[in-house]
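Visitor: I should like a close look at a single part of this model. Please take one residue as the starting point and work outward from there.

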Amino acid sequence: MNNLLKSFKLKSTKHRILILSIIKKSEAPITAEEIYFLCQGKYNISLSTIYRNLNKLCESGIIMKNKSMDGQNYFQLKSEHHHHKIVCSVCKKNITVKTC
């Protein structure tokens, strides 16, 4: 993660490394609140710090933000390949669509 941050000319901080690690491990796009929940009891990080870092990582182009129909922002690592995701309106499960 250090090299990734440096390649985008961002300072490598423990909070950025933590947030990127959680996003990378997530099988689907993840919300700031979900990241915060995963940190509870393990790491000392506030929700506002998570939002600040997510915004900085989005601005730099490391991650991307997608707004769902329910108004939630979901974050995921930016990838080189083109893909789409659909979200079930009942169970909120994310499904990757392999073709357009």
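Guide: Let us begin with Ile-19, which counts as buried because its relative accessibility is 0%; buried means under 20% relative accessible area, exposed over 50%, and partly exposed in between, with a 1.4 Å probe and protein chains only. The model is a predicted one, in which local features need pLDDT of at least 70 and side-chain atom pairs count only at pLDDT 80 or more, while totals for chains, interfaces and linings use all residues. Residues are numbered from 1 along each chain as its sequence is written, and side-chain values use heavy atoms, with hydrogens and water left out.

Ile-19 is located in helix α2; helices (H or I, at least four residues) and strands (E, at least two) are DSSP runs, numbered from the N terminus. Not counting residues up to four places away in sequence, Ile-19 touches Ile-35, Ile-45, Ile-50, Asn-53, Leu-54 and Leu-57, where contact means heavy atoms within 4.5 Å. With Ile-35, the separation is 16 residues in sequence and 7.2 Å in space, C-alpha to C-alpha.

Several of these partners lead to the packing of two helices. The axes of α2 (residues 14–25) and α4 (residues 47–60) come within 10 Å and cross at roughly 75 degrees. Axes here are lines fitted to C-alpha atoms, for helices over the stretch in contact, and angles run from 0 to 180 degrees between N-to-C directions. The two helices are therefore roughly perpendicular to each other, given that angles of 65 to 115 degrees count as roughly perpendicular, those under 35 as roughly parallel, those over 145 as roughly antiparallel and the rest as oblique. On the α2 side, the contact is made by His-15, Arg-16, Ile-19, Leu-20 and Ile-23; α4 contributes Thr-49, Ile-50, Asn-53, Leu-54, Lys-56 and Leu-57. By class, six residues of this contact are nonpolar, three polar and two charged. In this scheme, Ala, Val, Leu, Ile, Met, Phe, Trp, Tyr, Cys and Pro count as nonpolar, Asp, Glu, Lys and Arg as charged, and the others, Gly among them, as polar.

Ile-23 also leads to the second largest pocket, for this residue is among those nearest the pocket's centre, together with Ser-26, Glu-27, Gln-76 and Leu-77, in a lining of 12 residues. A pocket is found on a 1 Å grid over the protein atoms alone, as an open set of points where a 1.4 Å probe fits, with protein on both sides within 12 Å along at least five of seven lines; lining residues have an atom within 4 Å of a point. The volume of this pocket is about 150 Å³, a volume being the space filled by probe spheres set on the points, which are joined across faces, edges and corners. α2 and β2 each supply at least two residues of the lining, and β2 gives the most, with three. The lining comprises five nonpolar, four polar and three charged residues.

Gln-76 appears again at the largest pocket, being among the residues closest to its centre along with Pro-29, Asn-66, Lys-85 and Val-87. This largest pocket holds about 220 Å³ of space. Strands β1 (63–67), β2 (73–77) and β3 (84–87) each supply at least two residues of its lining.

Finally, Thr-31 lies in the loop between α2 and α3 (32–39). Thr-31 counts as buried because its relative accessibility is 3%. Leaving aside neighbours within four places in sequence, Thr-31 is in contact with Gln-72, Asn-73 and Tyr-74.
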